[in-house]
Amino acid sequence: AYKGKFAAVGFLKSDGLNRRFWVSRYVNGVWLTSKAIDLAYGNVTWADLSVNQAGDVAAVYSMIGADGFEHVYGNIFISEWQGGEQLDNFTNFASVSATTKMRPSISIDEQGNALARFTIPDTAASFNPTRRRVAAVAYR
């Protein structure tokens with residue numbers, strides 16, 4: 001992802017235990033050292049980044065959580081990484097397996113507000129197969 005003079009790249013790579021989400025930022029003409037920005041207790045399955053004109057970076061990723069199910073997490077860089085936050089905290093929609101395939105994406109505005117989008121199974125409905133709903137979560 002890039003915007004103006006700032007950029008960020010992300011990639012999934014094993015740390016020997018889990019598949020992690022690593023990010024490197026491009027600032028003042030220099031690529032900074034990659035840093036794992038996920039919560040480090042499960043395998044990351046999908047990830048996306050967005051950058052704004054100020055160099056803030058929004059990240060979203062899906063990861064197999066401690067409960068064995070796939071969940072969506074966000075993290076934001078404004079002067080430093082703020083720490084991972086679970087974003088799929090819904091009552092009627094829930095991850096139903098380790099292969100839910102939520103495929104999250106992210107955008108960030110010039111004020112540093114992020115909007116994550118992903119699909120999630122509707123566990124309240126009695127459709128077979130289970131229908132998916134699109135969710136959008138704002139965070140900072």
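These are my notebook entries on the cores, the salt bridges and one serine of this structure. The model is predicted.

**Entry: the main core**

I began with the nonpolar cores. The largest one has 16 residues. I listed those with the most contacts inside it: Phe21, Val23, Leu49, Val57 and Trp81. Next I looked up which elements supply this core. Those giving two or more residues are strands E2 (6-14), E3 (19-27), E6 (44-51), E7 (57-64) and E8 (70-77). Which of them gives the most? E7 does, with 4 residues.

I then picked out Leu49 and left aside its neighbours within four places in sequence. Leu49 is in contact with Phe21, Val23 and Val57. Its other contacts are Ala1, Ala8, Val9, Gly10, Ala58, Ala59 and Ile106.

**Entry: another core**

I noted another core, lying apart from the largest one. This other core has 15 residues. Among them are Leu87, Met102, Ala114 and Ala135.

**Entry: salt bridges**

How many salt bridges are there? I found a count of 2. I took Arg20 and Asp15 to start with. Their closest N and O atoms are 3.3 Å apart. I checked whether each partner is buried or exposed. Arg20 has a relative accessible area of 11%, so Arg20 is buried. Asp15 has 38% relative accessibility, so Asp15 counts as partly exposed.

I turned to the pair of Asp38 and Arg20. This salt bridge has its closest N and O atoms 2.7 Å apart. Where do the two residues sit? Asp38 is in the loop between strand E5 (35-36) and E6, and Arg20 is in strand E3. They are 18 residues apart, and the pair links distant parts of the chain. Asp38 and Arg20 are both buried.

I wrote down the link between these entries. Asp15, Arg20 and Asp38 form a network of salt bridges. Arg20 forms a salt bridge with Asp15, and Asp38 forms one with Arg20.

**Entry: Ser24**

I closed with Ser24, which is found in strand E3. Is Ser24 buried or exposed? Its relative accessible area is 6%, under the 20% cut-off, so Ser24 is buried. I followed its side chain to a backbone atom. The side chain of Ser24 reaches the backbone oxygen of Leu32 at 2.4 Å.

I also looked up what Ser24 touches, not counting residues up to four places away in sequence. The list holds Ala7, Ala8 and Val9. It also holds Trp31, Leu32, Thr33 and Ser34. I noted that Ala8 and Val9 appear among the contacts of Leu49 too.

Key. Residues are numbered from 1 along each chain as its sequence is written. This is a predicted model: local features need pLDDT of at least 70, side-chain atom pairs count only at pLDDT 80 or more; totals for chains, interfaces and linings use all residues. Side-chain values use heavy atoms; hydrogens and water are left out. A nonpolar core is a set of buried Ala, Val, Leu, Ile, Met, Phe, Trp, Tyr and Cys residues joined through side-chain atoms within 4.5 Å. Buried means under 20% relative accessible area, exposed over 50%, partly exposed in between (1.4 Å probe, protein chains only). Contact means heavy atoms within 4.5 Å. A salt bridge is a side-chain nitrogen of Lys or Arg within 4 Å of a carboxyl oxygen of Asp or Glu. A polar contact is a pair of N or O atoms within 3.5 Å; within protein, one must be able to donate a hydrogen and the other to accept it, and residues adjacent in sequence count only if both atoms are side-chain atoms.
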